[in-house]
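Visitor: I am new to this structure. Please take me through one part of it closely, the largest pocket and the sheet that helps to line it.

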Amino acid sequence: MAARLPSWAWVSGLTVAATAAVVALGVQAEHGPHPTAAAARPSASASASPRPHVSAAPEPSAPPALPDGSGTGRRIVYSVGEKRVWLVDATGHAARTFTVWPGTVNPRPGRYSVTLRTQSLKGSDGVEIEHVMYFTKVEGVNIAFSNALDGSSPPPADGQKLGGIRMRKQDGAALWSFGDTGARVTVVS
């Protein structure tokens, strides 16, 4: 009569086998399968040009660093050139960063503060928007952060002067939670 193994031994054995299989597949994916002798020999129909190496997945890139000269302390930083916003905590750490779609009128570099917050309204381009945070005015055009209710970001109509700095819906919600009326906004070029 064979001795019966405890259930934890079976689970441990299966876990070890599964881990070994995953490691082997990972090594094979990274280095490619080892060719057999027949596959390693070029055939008459083989191409003379080498095949480029294609990786399974691109390495994630680090988010862009907070721009120099953007101030200190808790603030919202907007780079006109990078079309990007950083939410910076009181220690000076960028807690979140994301890209945006600016309107046709850009704010000038400088320091501002959120002057008015509106939960939702129809933008001057006719799009329903939410999380609207106004912080300056340029050439009679209000400049504000917002996101479209439906998550879209249509291109501005030709000839219209629009100051909306649009973002994805989840980024708009994060910005709304981060910056109340009076929150500092730093605009850099």
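Guide: First, a word on classes. Ala, Val, Leu, Ile, Met, Phe, Trp, Tyr, Cys and Pro count as nonpolar, Asp, Glu, Lys and Arg as charged, and the others, Gly among them, as polar. On that basis, the lining of the largest pocket has 12 nonpolar, 8 polar and 4 charged residues. Keep in mind that this is a predicted model.

The largest pocket holds about 350 Å³ of space. Its lining counts 24 residues. Nearest its centre lie Ser124, Leu162, Gly163, Gly164 and Arg166.

Now look at where the lining comes from. Strand 5, strand 6, strand 7 and strand 8 each give at least two residues to it. Strand 7 supplies the largest share, 4 residues.

Turn to the sheet itself. Its 4 strands run in the order 5-6-7-8. The sheet is open, and its pairing is mixed. Strand 5 (116–122) and strand 8 (164–166) are the edges. Each has a single partner strand, so one side of each is left without a neighbour in the sheet. From one strand to the next, the twist averages 35°.

Follow one pairing. Strands of a sheet pair through backbone hydrogen bonds, either parallel or antiparallel. Strand 5 and strand 6 (residues 128–138) pair in the antiparallel sense, over 6 bridges. Arg117 has Met133 in strand 6 as its bridge partner.

Last comes a helix. Helix 3 (residues 169–178) packs on the sheet. Helix 3 touches strand 5, strand 6 and strand 7 (141–148). The direction of helix 3 makes about 60° with that of strand 6.

Note on methods
Residues are numbered from 1 along each chain as its sequence is written. This is a predicted model: local features need pLDDT of at least 70, side-chain atom pairs count only at pLDDT 80 or more; totals for chains, interfaces and linings use all residues. Side-chain values use heavy atoms; hydrogens and water are left out. Two strands pair if DSSP finds at least two bridges between them. Axes are lines fitted to C-alpha atoms, for helices over the stretch in contact, and angles run from 0 to 180 degrees between N-to-C directions. Contact means heavy atoms within 4.5 Å. On a 1 Å grid over the protein atoms alone, a cavity is a set of points where a 1.4 Å probe fits but cannot get out, and a pocket is an open set with protein on both sides within 12 Å along at least five of seven lines; lining residues have an atom within 4 Å of a point. Grid points are joined across faces, edges and corners, and a volume is the space filled by probe spheres set on the points.
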